[in-house]
Amino acid sequence: MAWAYIDGGSEDQLTLRANRDAFARYSLRSHVLSGHKPTDIGVDLFGTRLDLPILLAPTGFSALAHWTGELAAARAAEKAGTRAILSTAASYSPEEIAQGTEQDHWYQLYPWVNPATGDRELVSSLLRRAERSGFAALAITVDVPVVGNREGERRVGMGLRPVVTPGRLASALIRPKWTTNFLLHRRVGARALVDGGGTGSAVRSARVQHYHMRPELNWDDLAWVRDNWQKPMLIKGVLDPDDAQRAVDLGLDGVIVSNHGGRQLDGAPASLDALPAIAERLQGRVPIILDSGVRRGVDVIKALSLGATAVAIGRPYLYGLAVGGERGVRDVLEILRAEVLRALTLMGRPGLSSLSRDSLIDSPGLR
Ligand code: FNR
């Protein structure tokens, strides 16, 4: 169930695959004997210097990968000199992340509204809690007016809370790791949705029932959140230059070009393919972060060459989390750091700021 949830995409997984294929269509221009030794791959984002241009994208229920979930991910991120974006549907509450970390991380918001009453009480309370907990920036995710058609998840019965059936209970009782699994399952639920960061599945399910995805999501919702959040705010899930421009005109401070890792509209373009037109339109007015399909240091270089300021990764750090908790996430980030530095050296580049469209060669044959 966890694997289907983490690794899958929607419907025929066309967009999921396109995210990877898009990177393979570019090759890298290299210059020999350049004499450069790149050492610094830091970037400035909203007045904070990050040591690497890679953030951890928000992922819900990360305790499905490892019970230490988002807390371990955020700790690994800050030790690597970057930040994590905490999901609205996280297994750890904003308060727990704030208490368990040194740095101010970012918060991701689903702009839910009670469909019956138009009430934004839940979103207001999440915003207040994120603010009180010191989150430095807000990413508002707009590509989930309804949840994508993830057939793989349905096939294995992925739900908000695992259902204990007699069969499951019987197999759990004969498994030595039963206690661990039980604790993990208690932790998996979306703690952020529970006011005050408390527990209680009754509260949780009542809230989830009343505040679900909002098919009528619109620009007024975005404007409302903008009016209710003072610090930097990014729109996450944009693939069209008109939308990106409208968000920036509305006062947003950054754009996350993303197709949600191929989990929403199957048939949406690869994020990397959507990036150049958005970068062209925004002309450097705000930072652009790209996610969906980044797996290697060379992918980071390609995204930055096409106009991104930084990238975010989802599944790669969940794999690391599953294997080794905080240490596993840290390893993933360090592998990517080493890959970016090595690739820059092989390309004969002094650093990230020397990258541009000219650093890439169209290469339909690279597969
Ligand atoms: C996500 N993503 C996501 N995005 C978001 O805004 N809120 C969320 O709660 C989640 N949850 C989530 C769970 C899981 C298991 C995955 C894999 C992804 C999307 C995520 O932020 C990001 O856009 C993608 O993961 C990027 O693609 P890659 O790096 O996984 O290819």
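Student: What share of the 367 residues of the protein chain counts as buried, and what makes a residue buried?

Tutor: Of the 367 residues, 45% count as buried. The term requires 20 or more other C-beta atoms within 10 Å of the residue's own, all placed from the backbone; a residue with 12 or fewer is exposed, and one in between is partly exposed. This is a predicted model, in which local features need pLDDT of at least 70 and side-chain atom pairs count only at pLDDT 80 or more, whereas totals for chains, interfaces and linings use all residues. Residues are numbered from 1 along each chain as its sequence is written.

Student: Why is E216 called exposed?

Tutor: E216 has 9 C-beta neighbours inside 10 Å, so it counts as exposed. Its place is the loop between helix 9 (201-210) and helix 10 (219-227). The terms helix and strand denote DSSP runs numbered from the N terminus: H or I over at least four residues for a helix, E over at least two for a strand. By that rule the protein chain has 14 helices and 12 strands.

Student: What makes K231 partly exposed, and which residues distant in sequence does K231 touch?

Tutor: K231 has 16 other C-beta atoms within 10 Å and is therefore partly exposed. It lies in the loop between helix 10 and strand 8. Contact means that the C-beta atoms of two residues, placed from the backbone, lie within 7 Å. Apart from neighbours within four places in sequence, K231 is in contact with A136, A137 and L138. From K231 to A137 the C-alpha distance is 5.9 Å, although 94 residues separate them in sequence.

Student: What is unusual about the phi of L33 and of Q283?

Tutor: Most residues other than glycine have a negative phi. L33 is not a glycine, yet its phi is positive, at about 55 degrees; Q283 likewise is not a glycine and has a positive phi of about 50 degrees. L33 belongs to the loop between strand 1 (26-28) and strand 2 (43-45), and Q283 to the loop between helix 12 and strand 10. With 5 other C-beta atoms within 10 Å, L33 is exposed; with 9, Q283 is exposed.

Student: Why are strand 4 and strand 5 said to stand at the edges of the sheet?

Tutor: The open sheet has eight strands in the order 4-11-10-9-8-7-6-5, with parallel pairing. Strand 4 and strand 5 (85-86) each have a single partner strand, so one side of each is left without a neighbour in the sheet.

Student: How do you know that strand 4 pairs with strand 11?

Tutor: Pairing requires at least two bridges found by DSSP between the strands. Strand 4 (residues 54-56) and strand 11 have three bridges, in the parallel sense, and L56 has I313 as its bridge partner in strand 11. Strand 10 (residues 288-291) also pairs with strand 11 in the parallel sense over three bridges, with I289 opposite A310. Strand 8 (residues 233-238) and strand 9 (residues 254-257) have four bridges, again parallel, and V238 stands opposite V257.

Student: What makes both faces of strand 11 covered?

Tutor: In a regular strand the side chains alternate between the two faces of the sheet. In strand 11 (residues 310-313), A310 and A312 on one side and V311 and I313 on the other are all buried.

Student: How is the packing of helix 13 and helix 14 described, and what makes their crossing left-handed or right-handed?

Tutor: Helix 13 (residues 297-305) and helix 14 (residues 315-347) pack at about 65 degrees with axes 7 Å apart. The axes are lines fitted to C-alpha atoms over the stretch in contact, and the angle, on a scale from 0 to 180 degrees, is taken between N-to-C directions. A crossing is left-handed if the near helix is turned anticlockwise from the far one by less than a right angle, and right-handed if clockwise; helix 13 passes helix 14 in a right-handed crossing. Helix 13 contributes G297, V298, V300 and I301 to the contact, and helix 14 contributes L336, E339, V340, R342, A343 and L344.

Student: Which classes make up that contact of helix 13 with helix 14?

Tutor: Seven residues are nonpolar, one is polar and two are charged. Nonpolar covers Ala, Val, Leu, Ile, Met, Phe, Trp, Tyr, Cys and Pro; charged covers Asp, Glu, Lys and Arg; the others, Gly among them, are polar.
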